[in-house]
Each structure stands twice: as structure tokens, then as C-alpha cells.
Amino acid sequence: MPLSPDLAAAFDARFGETAGASDNGLAAGAQAALATLVGRRVCRRFRREPVEEGLLRLVLATGLSAPSKSDLQQVDIVWVRDPAIRAEITQGCGDWVVDPETGPAEILVVCGNGARLRALYEDAFPNDHFDALFNATGDAAILLANIVAAATLAGLGSCPISVMRNRAAAVSEALGLPDRVFPFAGLALGWPLEPQAPISARLGPAGALHIDRFDAARQAAAVAAYDARRAARQTGSDGRPFVWSEAKRRQYSTPQRTDFGAFLRAKGFSME
């Protein structure tokens with residue numbers, strides 16, 4: 001059966017098509033929830049209204065219900081309430097983060113935690129190699145996505161702040177993170193200020209879904225089509241049509257966070 005009008009509209013805004021999806025008999029409530037998630041918008045302008053603590057704890061508890069690799073639970077969340085600590089960790093994160101009028105009500109930091117598992121071993125940890133870091137990073141990424149989804153369903157706006165890793169050592173010190181615990185990303189959270197940003201176009205199943213084997217040629221064609229779709233609906237800061245592949249090539253044409261590996265090694269992680 002066809003998707004509900006709201007879900008179909010969200011799919012069209014996100015992917016330029018319904019991506020072959022159908023409701024498969026889903027209840028109206030389930031379709032409404034999916035429409036909310038597919039239609040999620042990045043939020044960088046917030047109302048001057050606090051998030052009630054009970055609601056925030058509910059959102060975070062929902063986030064912590066995310067899958068965890070082998071039940072290792074290698075994640076933590078730091079809820080930054082002290083203005084001085086917040087000012088320290090948000091340096092260089094963008095004017096929108098620190099704006100006194102439209103900045104987020106709450107700043108969270110999602111952390112990967114390799115210390116909790118390591119503490120179970122009095123002697124040498126037999127898996128002290130890169131996979132330990134990779135597992136903690138994966139858990140942190142899943143947790144961040146789950147918090148964003150929970151916040152979206154609760155009507156809150158959010159925006160991850162990966163640029164916080166540009167000052168990983170300073171952020172770690174300000175938050176008192178011990179060895180083998182590292183900041184994965186910040187997260188701005190609050191009630192969105194209308195009007196919200198448009199739904200960001202994404203590379204959908206046509207380019208990111210593969211059946212049985214990776215299809216590089218199909219992906220290349222999908223990226224070209226995606227570039228055209230973005231350019232038709234979005235302009236860049238220079239006023240020209242926004243071409244995703246060109247913009248990302250420019251964005252990463254200079255080295256970034258070249259000291260991050262050294263920071264993680266200093267935190268006790270192996271890269272081998």
C-alpha cells in the first residue's frame with residue numbers, strides 16, 4: 001500500500017522519491033513516527049526555553065536503550081550545566097552554539113568509554129588493540145543517533161557538534177575524562193525556533209543500498225544524480241548552486257584534526 005501523505009512528503013523532501021517504500025500495513029501511529037524521523041531537521045536556532053529535566057532524562061534514557069556491541073556498553077553522556085565548563089568546551093564550535101538569544105538550552109557530550117571494560121582486568125587486557133577503540137567509537141555513534149531520534153520524537157531540536165573534537169584534549173580536561181574515555185561529539189538540544197531549516201537532502205537507497213555485492217558503478221551514478229538534485233534546490237554561501245561532491249571535496253582539501261590520533265594514544269588506546 002502507498003505511504004501516508006505525511007510519510008510520502010517526508011521521503012520526497014529527503015530523497016526526491018519514495019525510494020520504493022510502502023507502508024506494509026503499518027498502523028497510522030507507526031507511520032506518523034517514521035514520518036517524524038524521516039523528516040528530521042537539523043536545528044541551530046532554539047527558543048529561549050529550558051528543557052524540563054524529567055523530559056531530558058527520558059530522552060537520554062531512550063538513547064541509552066540503543067544497541068551495544070556485545071553488551072559492552074562503552075559509552076557515557078556528560079550533561080554540561082556549569083556555564084564556565086560550557087564556555088570552555090564550546091570554544092570554536094560556531095556562533096550559533098554560543099548565541100545568547102538563540103543558542104541551545106542544553107549541551108551534551110557523548111563519549112566513548114574504553115575504561116569500563118578495562119577495569120574488569122587486574123592484569124593485562126588481552127584485547128588492547130585497535131578493535132577496542134573501534135568498538136567504543138561505534139557504540140558512541142549509535143548512542144548519538146538514538147538520542148537524536150528520541151529528541152526528534154519528543155519535539156526537540158538537535159544538532160551534533162563534531163567540531164568539538166578539534167579541541168579534544170581541552171574538552172577532555174574540562175570534563176575530567178579519565179584515560180580511555182574520549183569525547184566523540186557534542187550535541188546541542190532544545191526547543192526549535194520557527195521557522196526551522198529545510199529537510200536536508202540525503203543520498204538515499206539508490207546510492208547507499210547494495211544487494212549482495214557492492215556496486216560502485218551504481219553508486220557513482222547515484223551520486224551524480226544526487227549532486228543534480230541538491231544543486232536544483234539549494235544554493236551555497238557563494239550564491240551558486242550547491243553541488244555536494246564539489247563542496248565536500250573543498251571542505252576536506254586541507255588536513256583536519258591531525259593530532260586526534262595522538263590524543264587517543266595518550267588516552268591509552270592502541271592503534272594497532
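Reader: How many disulfides does the structure hold?

Author: A disulfide is a covalent bond between the sulfur atoms of two cysteines. Here the cut-off is a pair of cysteine sulfur atoms within 2.5 Å, and the structure holds zero disulfides. Please keep in mind that this is a predicted model, where local features need pLDDT of at least 70 and side-chain atom pairs count only at pLDDT 80 or more, while totals for chains, interfaces and linings use all residues. Residues are numbered from 1 along each chain as its sequence is written, and side-chain values use heavy atoms, with hydrogens and water left out.

Reader: Why is there no bond at cysteine 93, and why none at cysteine 159?

Author: Distance is the reason for cysteine 93, because the closest cysteine sulfur, in cysteine 159, is 10 Å from its own sulfur, too far for a bond. For cysteine 159 the closest cysteine sulfur belongs to cysteine 43, and at 8.0 Å that is also too far for a bond.

Reader: Is cysteine 93 buried or exposed?

Author: We call a residue buried when its relative accessible area is under 20%, exposed when it is over 50%, and partly exposed in between (1.4 Å probe, protein chains only). Cysteine 93 has 6% relative accessibility, so it counts as buried. Cysteine 159, at 3%, counts as buried too.

Reader: Now to a helix. Which residues of helix H8 are buried?

Author: Helices (H or I, at least four residues) and strands (E, at least two) are DSSP runs, numbered from the N terminus. In H8, which covers residues 168-175, the buried residues are Ala168, Val171, Ser172 and Leu175. Looking down the axis of H8, you find these buried residues within an arc of 100°, so they line one face of the helix; the arc is that of the directions from the helix axis to the C-beta atoms.

Reader: What do the buried residues of H8 pack against?

Author: Contact means heavy atoms within 4.5 Å. The partners are strands E1 (75-80), E2 (106-113) and E4 (181-190), together with helices H4 (83-89) and H12 (260-266). After H8 comes glycine 176, with a positive phi near 70°.

Reader: Which residues have a positive phi although they are not glycine?

Author: Most residues other than glycine have a negative phi, and most peptide bonds are trans. Glutamine 73 has a positive phi of about 55°; glutamine 73 sits in the loop between helix H3 (53-63) and E1 and, at 45% relative accessibility, counts as partly exposed. Arginine 180 has a positive phi of about 70°. The loop between H8 and E4 is where you find arginine 180, and its relative accessible area of 22% makes it partly exposed.

Reader: Where is there a cis peptide bond?

Author: Look at glutamate 194 and proline 195, which are joined by a cis peptide bond with omega of about -5°. Proline 195 lies in the loop between E4 and helix H9 (205-208).

Reader: How should I read empty space, and how many cavities of 30 Å³ or more are there?

Author: Rolling a probe the size of a water molecule over the atoms shows where empty space is left. On a 1 Å grid over the protein atoms alone, a cavity is a set of points where a 1.4 Å probe fits but cannot get out, and a pocket is an open set with protein on both sides within 12 Å along at least five of seven lines; lining residues have an atom within 4 Å of a point. Grid points are joined across faces, edges and corners, and a volume is the space filled by probe spheres set on the points. By this rule there is one cavity of 30 Å³ or more. The largest cavity has a volume of about 90 Å³, and its lining includes Gln74, Phe125, Asp128 and Arg180.

Reader: What is the volume of the largest pocket, and which residues are closest to its centre?

Author: The volume of the largest pocket is about 1,000 Å³. Of its 32 lining residues, Val42, Arg44, Cys159, Ser200 and Arg202 are the closest to its centre. Strand E3 (157-161), helix H10 (216-233) and helix H11 (244-251) are the elements that give two or more residues to this lining, and E3 provides the largest share, three residues.
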